[in-house]
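Work through the exercises below with the sequence and the structure open. Try each task before reading its solution.

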Amino acid sequence: MEKQMSGQRLKRELGLLHATMMGIGGAICAGVFVTLGYAATLAGTALIIAMVFCGIINLFTMLSYAELGAALPSAGGEYTFAKASFGGFFSFATGWFEWISNMFYAAFSAVGFAYLMSYVIPAINVPIIAIITIAIFAAINVKGMKETGITQTVLVLVLLALLGVFIAIGLFTNRALGTFELSAPGGFLGVFRASAFIFVVYLGGEAIAVAQAEIKDPGKTIPKAIILTCLILILVYTLIAYVVFRIVSPESLSGQASPLAYVAKQFMGEIGVGIITVAGIIAAFSSVNTSIMAQSRVAYALARDGYFPKSFFNLHRRYFTPYIAVLVGSIFVAAFAATGVVNFVTYATDFGFIIGFIFVNLSLIKLRRDKPSLIRPFKVPLYPLTPILGIVTSLLLIFFLEPGTLVIGAELFLFGLLIYYIRMVGYHRLCLAMGGMNLGVSAFSALFAYLIMSTPSTITSSSGTTFLLFALASLVSVTCLIAGVLNITVHSSGD
Amino acid sequence: MSSIRTFIARLVGGVQCLLGAATSTFAYLVYASQSIRESLSIANEESFLIVFLLVIFGAFSILSGMVLIREED
């Protein structure tokens, strides 16, 4: 019904305040309310150093975002940068990881919000609340970027005010432990491990770059908003960590489900718990809003370049938003949230965002070399040291991730490769490739069926299970054999 | 001759799609359910690899099935 009209574009409606709030809201998620406890056991009170260290690591890459965002202010963020610098599969992979990471992040935040609500109202159904939350923010995102920006600004200002109350009272309360002393029981390695663990609290600020096609005066606003976001995050997180260790010892945080709520209870009582719970709910809310917006803009950019279906590139006639990209992405987000695979989506989110960081820094270096005359309203200081440090620190963070994260990352990469291949190759070449793979699977299944019947005891002790496995392997083998022959002969029969 | 080929392609494609959907569902069950992993004697360390292989096979099977069902004349 709604058709893409010629000349229709995303509207530039976000000013500096809205863009900065988009970045802060994307980064401050429910994670900060739960990760401090374990991080404190790793680094002790030196967690404050880890917080500043993470902020500086984040700043290295965010400066690259600022330069590229100001120079190439069209929708898509990292994908657009990689497209301009490398193109081909490299740019598609960047966009692919960015798209799925934002969808997973939205699902994670929606489920986090629903869990926090369930502490307040125990009778509620977590998946249903998560889906309702996603539906509300999908509607806001369809309505318009201005509405999305205003919603985000209000949410983040309230969130910062609540955290400000926690920090202000915590700094001056007389219920503190006494003199604050810096200690690192795990030494330098402990501080580094804590840094890798808590780095997730800085992720999400790059939402500014994703929405760059809708930011007014992008040459000035994008760098300012990104740098402001980074500095505010460092300040807020460091002050929170300082207040925490002023009130309680690092050891007492171990095993606390919500360390911030526990600390708030020590000096503000039940009111403190309420403030932190509401802040957590708002943080999760604003993360859902930002990530639904971000995934839709990436899908929009991928559709613009032919990687995703063209319908994702359609703008709503009245609201000028990529409503199909918003709605389809939100359906995926709701499906992820409803299945409750929170661990999976957390792993995938971390991996995708860190891969995005590496690609952005590589894109900056490539563009500086290949397009020196490109107009850059903002330039990364200390080039090439800054982007190289961004790449090195991101690689180190991947090294410290859980092994399961890397496996899931590899799976997502293979899916991306498959989709790219399908979109890029011609139909007949695709059929030939599928035919070859089908014949390979057929041969493997036939061998498996033979092994089951020749040495049944090594696979299963039950004769019924042996027969079932044999029948299944034979079915797969025969099906794939016929499919392979049909695939391979499609060209000659088609002509 | 062509109609027989189309019929077989759609039939085999449909079977492949069903096999892919069943494998993907099974992969999710192995991932999500501890009791299923225990009953199949799958160690937690191996579960990621098993799920990975099942998902790859499931996706391939669905894709191959769809290519056959939508075979161009």
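## Exercise 1: a covered helix

Helix α3 of chain A, residues 36-43, is mostly covered, with six of its eight residues buried. This is a predicted model.

**Task.** Which residues of α3(A) are buried, and what do they pack against?

**Solution.**
1. List the buried positions: L36(A), G37(A), A39(A), A40(A), L42(A) and A43(A).
2. Find their partners. The buried residues pack against α4 (47-71), α9 (187-198), α11 (218-247), α12 (250-253) and α13 of chain A.
3. Step past the end of the helix. Just after α3(A), G44(A) has a positive phi of about 65°.

## Exercise 2: the nonpolar cores

**Task.** Which members of the largest nonpolar core touch the most other members, and which helix gives the most to this core?

**Solution.**
1. Start with the core itself. It holds 150 residues, and A50(A), A110(A) and I134(A) touch the most other members.
2. Turn to the helices. α13 of chain A, residues 259-304, gives the most, with 23 residues.
3. Look apart from this core. Another core lies there, of 18 residues, including C431(A), L486(A), V490(A) and A9(B).
4. Return to A110(A). Leaving out residues up to four places away in sequence, A110(A) touches A130(A), T133(A), I134(A), V288(A), V333(A) and A337(A).

## Exercise 3: domains and a residue in α18

**Task.** How far apart are the C-alpha centres of domain 1 and domain 2 of chain A? Is L432(A) buried, exposed or partly exposed?

**Solution.**
1. Take the bounds from the domain assignment: domain 1 is 16-424 and domain 2 is 428-494.
2. The two C-alpha centres lie 44 Å apart.
3. Locate L432(A): it is found in helix α18 of chain A.
4. Count neighbours. L432(A) has 16 other C-beta atoms within 10 Å, so it is partly exposed.
5. Set aside neighbours within four places in sequence. L432(A) is then in contact with N487(A) and I488(A).
6. Compare with I140(A). L432(A) and I140(A) are 292 residues apart in sequence and 45 Å apart in space, C-alpha to C-alpha.

## Exercise 4: where the chains meet

**Task.** How many residues of each chain are in contact across the interface? What covers the buried residues of α1(B)?

**Solution.**
1. Count the contacts: 22 residues of chain A are in contact with 20 residues of chain B.
2. Assign the chain A side. α17 (403-424), α18 (427-454), α20 (463-488) and α21 (490-494) each supply at least two residues.
3. Sort that side by type: 15 nonpolar, six polar and one charged.
4. Cross to chain B. Helix α1 (residues 2-32) has 31 residues and spans 44 Å from first C-alpha to last, close to the expected 45 Å.
5. Its buried residues include A9(B), V12(B), L19(B) and Y31(B). What covers the buried residues includes α20 of chain A together with α3 (44-69) of chain B.
6. Check confidence. The complex has an ipTM of 0.86 and a pTM of 0.74. Chain B has a mean pLDDT of 83, and 96% of its residues reach 70 or more.

## Exercise 5: backbone exceptions

Most residues other than glycine have a negative phi, and most peptide bonds are trans.

**Task.** Where does P384(A) lie? Is L382(A) buried or exposed?

**Solution.**
1. P384(A) lies in the loop between α15 (342-370) and α16 (385-400) of chain A.
2. A cis peptide bond joins Y383(A) and P384(A), with omega about 5°.
3. L382(A) is also found in the loop between α15 and α16. Its phi is positive, about 60°, although it is not a glycine.
4. L382(A) has 11 C-beta neighbours inside 10 Å, so it counts as exposed.

Terms used:
Residues numbered from 1 in each chain as written. Chains lettered and ligands numbered in written order. Predicted model: local features only at pLDDT ≥ 70, side-chain atom pairs only at ≥ 80, totals over all residues. Core = buried A, V, L, I, M, F, W, Y, C linked by C-beta atoms within 7 Å. Buried ≥ 20, exposed ≤ 12 C-beta atoms within 10 Å, placed from the backbone. Helix = DSSP H or I, 4+ residues; strand = E, 2+ residues; numbered from the N terminus. Contact = placed C-beta atoms within 7 Å. Nonpolar A, V, L, I, M, F, W, Y, C, P; charged D, E, K, R; others polar. pLDDT = per-residue confidence, 0-100. Domains from an automatic or database assignment. Expected span 1.5 Å × (residues − 1).
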